[in-house]
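Open the model in your viewer and keep the selection tool ready. The tour goes stop by stop.

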Amino acid sequence: MSDRPMTPLLDRVQRPSDLKQFSDAELVRVAQELRAETISAVSETGGHLGAGLGVVELTVALHAIFNTPKDKIIWDVGHQCYPHKILTERRDRIRTLRMKDGLSGFTKRSESVYDPFGAAHSSTSISAALGFAVARDLGGECAGGLGDAIAVIGDGSISAGMAFEAMNNAGHLKKRMFVILNDNEMSIAPPVGALSSYLSRLYAEEPFQDLKTAAKGAVSLLPEPFREGAKRAKDMLKGMAVGGTLFEQLGFSYLGPIDGHDMDQLLPVLRTVHARASGPILIHVLTKKGKGYAPAERARDKGHATAKFDVVTGEQKKAPSNAPSYTNVFAQSLLKEAAADDKICAVTAAMPDGTGLNLFAERYPSRCFDVAIAEQHGVTFSAALAAGGMKPFCTMYSTFLQRGYDQVVHDVAIQRLPVRFAIDRAGLVGADGATHAGAFDIAYLTNLPGFTVMAAADEAELVHMVATAVAHDEGPIAFRFPRGEGVGVEMPEKGIPLEIGKGRMIREGKGVAILSFGTRLKEVEDACDALAAKGITPTIADARFAKPLDRDLILQLANDHEALITIEEGAIGGFGSHVAQLLAENGVFDTGLKYRSMVLPDIFIDQSSPRDMYAVAALNAEDIEAKVLSVLGIAQIASKKA
């Protein structure tokens with residue numbers, strides 16, 4: 001296309017090894033062209049823009065100096081991997097990012113040999129890099145071979161416990177490996193905590209310009225005798241550091257901070273450590289999220305995640321909203337409840353904007369806690385808040401709550417503490433794909449004794465479930481809601497607590513009953529409208545609760561109909577399994593009830609639009625209609641007549 005950037009040097013790069021033909025000055029130009037290409041591509045696809053723009057120079061430098069795919073570059077989280085994908089034989093597909101049958105928005109082993117380790121949750125890269133380093137030294141084999149291992153981890157991600165567990169182990173094993181601390185003072189939200197303050201002091205306490213001067217001449221600073229011994233060279237590099245005691249106590253040689261956008265610093269420093277390192281080294285690199293694109297640099301989140309946008313203005317092309325988002329409905333409902341109850345507080349793990357708690361933080365800053373990327377801590381912190389007489393709303397995406405599951409079991413459920421779990425991004429989430437799908441929370445929460453588990457069928461129900469959670473003090477309670485907009489129902493003025501364990505009838509029918517749990521209810525109603533034209537009128541009920549089940553409602557539906565179908569936006573082992581257990585224990589199947597459970601299939605579903613993903617899962621209205629016809633034997637009869 002004529003409006004795409006001119007990239008004469010980048011056009012000569014088919015694979016990372018092609019970067020070795022360029023001079024340092026030419027690599028600077030390659031980086032400029034790579035930034036322009038990244039902006040152009042994401043303007044057409046949408047996606048995570050700011051993180052990638054912040055590591056353009058670092059990406060070029062790493063691929064120019066190391067030998068990928070033999071050397072393993074592991075991008076923590078993967079938000080920043082788009083420039084990496086352009087350089088690693090995927091430029092021709094970069095405009096399919098996050099689309100059906102296109103490139104993943106994260107690193108993905110099945111996509112490329114240059115993605116040695118998949119990531120979409122944070123703080124895993126150092127553990128993975130250490131694993132590759134040990135496998136190398138033990139004679140392991142994998143695609144592309146085994147050379148150096150390089151973890152690129154952000155200042156937000158390195159605050160998580162798993163990163164420190166990995167560094168502690170790496171320092172003990174003393175394997176040659178590299179950790180690049182990509183410090184942009186910005187994860188998705190501004191990072192919080194003591195570690196963030198420590199990193200800030202590392203480059204505030206010493207004259208940064210002095211280090212820049214030293215770093216530019218890093219190679220020449222090493223006299224000939226030092227070049228003969230890796231240990232002495234490493235000691236010299238350690239002397240260049242302005243801080244890093246914490247990392248050195250963990251067994252890492254620390255170097256930095258250096259300017260991650262200055263190739264005159266990056267290239268000689270990386271070449272030196274590549275040539276001389278004998279153990280684990282941490283290189284502290286300062287970058288700016290959104291670097292080089294003014295609209296991203298100005299944005300509050302530095303262009304973390306964007307829709308398609310106009311390259312010139314940065315204006316995002318978002319479709320007009322017909323209904324409020326579930327996240328916003330939750331946030332506004334919690335604000336109303338908190339105004340009337342000063343015991344309500346909120347906890348999130350580095351996702352205040354994504355969960356809507358940024359609004360709560362503005363209104364009630366003393367009652368809102370962003371614990372950084374630390375879901376385990378967030379859950380236990382919430383448990384103790386509850387034990388201390390507060391009403392904590394532990395607000396996390398379903399996929400991230402998985403990281404705190406041990407704490408959900410041991411610190412919340414066993415102690416029967418009334419933590420309120422607000423579970424956002426339930427079900428399939430679209431372009432973020434399998435790594436961010438909320439597929440498992442129904443199953444992993446309903447099997448815990450004493451847990452109450454709800455799912456909102458629409459945005460009005462969500463308001464009532466927030467009120468229900470506020471009023472519930474008899475143990476832990478969770479409510480789940482999806483990404484995206486509601487269905488446009490009339491909204492209540494105030495939430496009214498629901499009776500625990502009681503569902504509701506939506507339509508009275510005959511023959512077959514459909515029991516819905518969650519927001520597939522709209523698809524169920526659409527399916528039944530289509531079935532009505534065929535003379536079939538199913539009964540529809542909204543379960544509201546997966547635990548405790550509405551025994552009376554379920555047994556009545558089973559008794560009054562020849563077939564019962566459950567539907568949920570969750571994996572096998574959830575709501576439908578609990579209903580089947582109830583029916584089996586009550587001998588219902590002995591009398592011939594036809595029972596079917598519509599759940600997410602036993603596969604990980606790749607990125608696409610939510611509707612396309614639900615088509616793969618066979619949970620759209622047409623699939624529900626087909627299931628009803630099938631269970632009644634009508635589809636087979638029609639085919640025999642044909």
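Select strands β8 and β9 in this predicted model. The two strands pair in the parallel sense, with 5 bridges between them. Strand β9 covers residues 420–424. For one rung of this pairing, pick Cys394: its bridge partner in β9 is Phe421.

Now add strand β6, residues 344–348. β6 and β8 also run parallel, and 4 bridges join them. Click on Ile344, whose bridge partner in β8 is Lys391.

Stay on β8, residues 391–397. Is this strand covered or open? Mostly covered: 7 of its 7 residues are buried. Show the side chains to see both faces. On one side sit Lys391, Phe393, Thr395 and Tyr397, all buried. On the other side are Pro392, Cys394 and Met396, and these are buried as well.

**Next stop: a helix with two sides**

Select helix α22, residues 551–560. Which of its residues are buried? Colour Leu553, Ile554, Leu557 and Ala558: these are the buried ones. Turn the view until you look down the axis of α22; the buried residues fall within an arc of 130°, so they line one face of the helix. Then look at the other side of α22, where Asp552 and Asn559 are exposed.

What do the buried residues of α22 pack against? Select the strands β12 (504–507), β13 (512–517), β14 (539–542) and β16 (563–568), which are among the partners. Add helix α23 (575–585), which the buried residues of α22 also pack against.

**Next stop: two crossing helices**

Go to helix α1, residues 24–45, and helix α4, residues 82–90. Their axes come within 10 Å and cross at roughly 110°. Angles of 65 to 115 degrees count as roughly perpendicular, so α1 is roughly perpendicular to α4.

Which residues meet here? Show Leu34, Glu37, Thr38 and Val42 in α1. They meet Tyr82, Pro83, Ile86 and Leu87 in α4.

**Last stop: the whole chain**

Zoom out and select the protein chain. Its secondary structure comes to 26 helices and 17 strands. The chain has 642 residues, and 58% of them count as buried. Switch on the surface: the chain exposes about 25,400 Å², with carbon and sulfur atoms supplying 52% of that area.

Finally, display the contacts between residues at least 6 apart in sequence. Of these, 77% join residues at least 24 apart.

Note on methods:
Residues numbered from 1 in each chain as written. Predicted model: local features only at pLDDT ≥ 70, side-chain atom pairs only at ≥ 80, totals over all residues. Heavy atoms only, no water. Buried < 20%, exposed > 50% of the residue type's maximum accessible area, 1.4 Å probe, protein only. Contact = heavy atoms within 4.5 Å. Areas by Shrake-Rupley, 256 points an atom, 1.4 Å probe, with all protein chains shown as cover. Pairing = 2+ DSSP bridges. Arc of directions from axis to C-beta. Axes fitted to C-alpha atoms, helices over the stretch in contact; angles between N-to-C directions. Parallel < 35°, antiparallel > 145°, perpendicular 65-115°, else oblique.
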